[in-house]
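Subject: Structure handover

Hi,

Here is the structure I promised to pass on. Please open it next to this email and follow along.

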Amino acid sequence: MLLSRELPDYTYALRSADGQQAKVNDRVLVHSFVLAPDKLVEDWPVPSIATLTPGHLDVALEQNPELVLLGTGEKQVFPPAAVMAACLTRGIGIEVMNNASAARTFNVLAGENRRVVAAFILENAG
């Protein structure tokens with residue numbers, strides 16, 4: 001039986017993510033980042049959920065997503081209402097989850113060719 005590795009139809013695949021680091025394709029990231037299927041924005045300047053402001057989502061919203069996944073580190077922590085409103089008032093969905101769940105969800109939605117953007121907060125991103 002011949003086995004082959006199926007490659008995704010998009011540029012960036014999220015291999016893993018937790019509260020400290022993530023692996024995008026073959027690169028290990030240790031700073032917060034924003035990811036779309038065809039774009040990676042490294043060094044997103046958000047070291048913790050406590051510092052997240054609506055303006056921080058601009059880089060994600062510029063990708064014209066239908067859904068933003070917000071990975072909040074090792075645990076799911078909801079951001080202030082103003083952050084949620086930055087998406088919802090534009091008709092863009094936002095889902096808040098821990099990084100591992102956000103990574104799995106991103107890969108499923110990107111594999112379905114959905115317009116998804118994920119923003120990941122890595123706790124050592126200071």
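Which residue forms a salt bridge with Glu66? Find Arg114: the closest N and O atoms of Glu66 and Arg114 are 3.1 Å apart. Glu66 sits in the loop between H1 and strand S6 (67-71). Arg114 sits in the loop between helix H3 (99-111) and strand S8 (116-120). The two are 48 residues apart in sequence, so their salt bridge ties together separate parts of the chain. One caution before you go on: this is a predicted model.

**Salt bridges**

How many salt bridges does a search of the whole structure find? The search gives 3.

You have met one of them. Now stay with Arg114. Glu112 also forms a salt bridge with Arg114, and here the closest N and O atoms are 3.9 Å apart. That still counts, because the cut-off is 4 Å between the side-chain nitrogen and the carboxyl oxygen. Through the shared partner, Glu66, Glu112 and Arg114 join into one network. Glu112 lies in the loop between H3 and S8.

Are these residues buried, exposed or partly exposed? Glu66 is partly exposed, at 30% relative accessibility. Arg114 is partly exposed too, with a relative accessible area of 34%. Glu112 has 47%, so it also counts as partly exposed. The reason is the cut-off: buried means under 20%, exposed means over 50%, and partly exposed is in between.

Next, look at Glu42 and Arg27. Their side chains meet in a salt bridge of 2.7 Å, N to O. Glu42 lies in the loop between strand S5 (39-41) and helix H1 (58-61), while Arg27 belongs to strand S3 (residues 27-29). The pair is 15 residues apart in sequence, so it too ties parts together. Glu42 is partly exposed, with a relative accessible area of 34%. Arg27 is partly exposed as well, at 44%.

How far apart in space are Glu112 and Glu42? They are 24 Å apart, C-alpha to C-alpha, and 70 residues apart in sequence.

**The sheet of 5 strands**

What is the strand order in the open sheet of 5 strands? Trace S5-S4-S8-S6-S7. The pairing is mixed. S5 and S7 stand at the edges with a single partner strand each, so one side of each has no neighbour in the sheet. From one strand to the next, the twist averages 15 degrees.

Zoom in on S4 and S8. They pair in the antiparallel sense, over 3 bridges. Val34 stands opposite Ala119 in S8.

The structure also holds 1 aromatic pair. The rings of Phe33 and Phe120 have their centres 5.0 Å apart and their planes at 15 degrees, so the pair is stacked. Phe33 lies in strand S4 (residues 33-36) and Phe120 in S8. These residues are 87 apart in sequence, so the stacked pair ties together parts of the chain as well. Both Phe33 and Phe120 are buried.

**Helices on the sheet**

Start with H3. This helix lies across S4, S6, S7 and S8, and runs at about 160 degrees to S8. Then turn to H2. That helix lies across S6 and S7, at about 140 degrees to S7.

Which residues of helix H2 (residues 81-88) are buried? They are Val83, Met84, Ala86 and Cys87. Look down the axis of H2: its buried residues fall within an arc of 150 degrees, so they line one face of the helix. An α-helix has 3.6 residues a turn, so residues three or four places apart point the same way. The buried residues of H2 pack against H1, S6 and strand S7 (93-97). The face of H2 turned away from the buried side carries the exposed residues Ala81 and Leu88.

**The sheet of 3 strands**

One more sheet to find. An open sheet of 3 strands has the order S1-S2-S3, with antiparallel pairing. Its edge strands are strand S1 (14-17) and S3, and each pairs on one side only. Neighbouring strands here are turned by 20 degrees against each other on average, direction ignored. S1 and strand S2 (residues 22-24) run antiparallel and are joined by 3 bridges. Try locating Ser16: its bridge partner in S2 is Lys23.

Best wishes

Terms used
Residues numbered from 1 in each chain as written. Predicted model: local features only at pLDDT ≥ 70, side-chain atom pairs only at ≥ 80, totals over all residues. Heavy atoms only, no water. Helix = DSSP H or I, 4+ residues; strand = E, 2+ residues; numbered from the N terminus. Buried < 20%, exposed > 50% of the residue type's maximum accessible area, 1.4 Å probe, protein only. Phe/Tyr/Trp six-rings, centres within 6.5 Å; stacked < 30°, edge-to-face > 60°. Arc of directions from axis to C-beta. Contact = heavy atoms within 4.5 Å. Pairing = 2+ DSSP bridges. Axes fitted to C-alpha atoms, helices over the stretch in contact; angles between N-to-C directions.
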